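Subject: Structure for you to look at

Hello,

Here is the structure I said I would pass on. My notes on the ligand site and on one sheet follow below.

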Amino acid sequence: MGQNLEDIRFDGELFLEDVLEKLHKKMDELKEDLTAGEQEIRQMHDYYWENYTEMDQYGYEDYDNQQALLHQVNANQEKLRMQQRIARLMDAPFFGRVDFIYDGEDESEPFYIGIGNFAPEAGMCPLIYDWRAPVCGLFYDYDAGEASYEAPSGTITGKIASKWQYKIRKGKMIYAFESDTKIDDEILKQELGSNSDVQLKNIVRTIQKEQNAIIRNRKDQILVIQGVAGSGKTSVALHRVAYLLYHDREHLKASNVLILSPNSVFSDYISHILPELGEENIREMSFDLFAYKELHSIVNDCEDRYDELEHQMQFPDAAAKKQYELKQSPEIIGMMEAFLALLEEELVDLKEISYKGYTKSESEIISLFYFKFQNTPLLARMDAVMDYFKDEFVTLRGRELSEEEEEYLKEKAGQMYMERDIYHIYNRFLEFAGYETLPDLPYEKRILSYEDVYPMLYLKYRLCGATQHKNVKHLVIDEMQDYSYLQYSILAMLFPCRMTILGDRMQTMDEKQQDVTRFLPKIFDRKVRKLEMNKSYRNTVEIAEYARALSGDQELELLMRHGQGVTEQTFVSKEALLDQVLIDVNLEKYETAAILTLTEEDALTVCQILKDREENYHYIDRNTSAFEKGLTVTTFYLAKGLEFDQVFTAFFHRDNPLYKQAAYISATRALHELFVYQI
Ligand SMILES: Nc1ncnc2c1ncn2[C@@H]1O[C@H](COP(=O)(O)OP(=O)(O)OP(=O)(O)O)[C@@H](O)[C@H]1O
């Protein structure tokens, strides 16, 4: 006897069969539609080429044809996207189920939860609910019993009768079990106990309650997440973006989201999560690269943060460090503003403008410059005055200006500035503020040291104006502890949008920790909501305890996943250290292992020793754009944000000023095994 639909809905295995059948049917329909759509495009092309010489002289038919073609191409693309979504669902249509009894009802209703919505026909109730749908909050937030969720119509209350978890792969049920508690720890441990990947995994099956609260937070404009190493900050931020995209499709597109990430390996490491969650990928950018592009018209090259770190480690110098810090602090902004106030008088020599019988006197120019256009940035202001002059001239003379005339007047405006090269103006600022000035060099030879990059960028924006990136409606800043007060001040000028800012003050690359939440509300002049994540998911208990001891007192909750103890050993030589690494590394059992060093030079030494021993490895430097399986050699600072099954430190200088930070960051990169090796 066949089962009726009600029974099927309450039996995971039968439901899977039923859904798969419907998914296959949908896939077949899509394939047919796509074939028809492609044929349609071919026919439109053929028609065009056969008839274009006879199309009406005003081009209306030509235009109509092109519009129809565009429409069809878009429709086909949409179908292709649907096909990809259905293919993903066919592999694992759902991973959870909540049986919910609405208040006032007797019977429970099952809600299956998957990576995307699926309804066999448009307008029908979904068979599978996207994990981001309001009702799915029940799955992540509640155990069996009283529960509620926020729907567009208001709060819906009721009772969870039961909760189920499933693992489905390639359309086959691997396990199904009922669990009336929160996402079962055993499943989470299983997920975390598996080997690491060269790409961050999506966590939709096992999002934890405190993580869910952050993902589903829609009301806070600026959300700052301070989370311990491995607490899932990056994962949560990306799932939050997916959630916001899903709930605000009208106003927020993937192209409106920008992530500031530390380097290109990290960008690659996280780049597949959004496509996997059914969204288009978002743009990523390193702030240093952005600054370099912005300053390229002033200096030929800029150092980056990694140059600065290497310099600090190789030539530790307390005075130089202090100067670097001052140049990134609120004090430098105060100094710069004082300097700019004086510059108003010093930078220009205003004179009357006279052109073809039309004149503006010196006092009129002064009045325009200091009053009418007072709010225009200083180096852009003379252009504004000249535009005003030109408008009057054009009105009076009743004719437009020729290109040559425009050029002539532009040059005349430029002549009122005694200096326009921001490099030279920056040098005047350095002198004003009591710092050593930069060498006076022609453009080709100008290489800006890192400590001057952001002060010069700030000066450029204050003198020429900063373009606000209005197209960016949500900015994600990862590794928030690595941005200075000055950098945040510049970000505030550029991005007046919502933000998710995340990081861990313990993972600083500085000798001192900074709590950015203390100054962010002032810089952004908006309410900043701070949330903390204290539970670590990445490391085994043994590794996490070891890292905690390195960091001192830290509020840290651990997931009870055990592994082998941390091995600490000191060697007589680099060669001996690497011999031991080669004995311990186990790429039959694991997917990824890393040898982490303090400096770039040490990493290159390790590579040379491995090469001499004819070992395979991948070297990650600051320009590397992909993280690969196997053995990786890199510095601790480039390994930030990444994780490896086995981590080996190869620390060659204990007196390195960043030794403590490097030890902590390296230790927290290890999922299963940690070997602290040094000489
Ligand atoms: N709810 C979860 N379910 C399964 N895995 C999780 C969960 N939360 C975090 N993880 C895993 O924990 C690891 C750490 O996550 P993630 O890199 O997002 O943390 P993080 O806080 O950004 O780390 P760090 O600051 O140390 O780089 C990843 O392997 C991630 O998949």
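Please keep in mind that this is a predicted model. I start with the make-up of the ligand's surroundings. Sorted by class, the residues of the shell around the ligand are 10 polar, 8 nonpolar and 4 charged. In total, 22 residues surround the ligand. T206, Q211, K233, S235 and E643 are the closest of these.

Three side chains are worth a look for their polar contacts. In S235, a polar side-chain atom lies 2.5 Å from an oxygen atom of the ligand. For K233, the distance from an N or O atom of the side chain to a ligand oxygen is 2.8 Å. The side chain of R538 also has an N or O atom 2.8 Å from an oxygen atom of the ligand. On its own the ligand has 640 Å² of accessible area, and the protein covers 97% of that.

Where does the ligand sit? The space it takes is the largest cavity. Two elements give two or more residues to the shell around the ligand: helix 5, residues 185-193, and helix 7, residues 233-247. Helix 7 provides the largest share, with 3 residues.

Now to the sheet, which is a separate topic. It is an open sheet of 6 strands with parallel pairing, and the strand order is 19-24-23-20-22-21. Which strands stand at the edges? They are strand 19 (567-570) and strand 21 (618-619). Each of them has a single partner strand, so one side of each is left without a neighbour in the sheet. In general, strands of a sheet pair through backbone hydrogen bonds, in either a parallel or an antiparallel way.

At the strand 21 edge, the partner is strand 22, residues 630-635; the two run parallel and are joined by 2 bridges. If you want a place to find this pairing in the viewer, H618 stands opposite T632 of strand 22.

Regards

How values were computed. Residues numbered from 1 in each chain as written. Predicted model: local features only at pLDDT ≥ 70, side-chain atom pairs only at ≥ 80, totals over all residues. Heavy atoms only, no water. Near = heavy atom within 4 Å. Polar contact = N/O pair within 3.5 Å; in protein donor to acceptor, adjacent residues only side chain to side chain. Areas by Shrake-Rupley, 256 points an atom, 1.4 Å probe, with all protein chains shown as cover. 1 Å grid on protein atoms, 1.4 Å probe; cavity = no way out; pocket = protein on both sides within 12 Å on 5 of 7 lines; lining within 4 Å. Sits in = over half its atoms within 2 Å of the grid points. Helix = DSSP H or I, 4+ residues; strand = E, 2+ residues; numbered from the N terminus. Nonpolar A, V, L, I, M, F, W, Y, C, P; charged D, E, K, R; others polar. Pairing = 2+ DSSP bridges.
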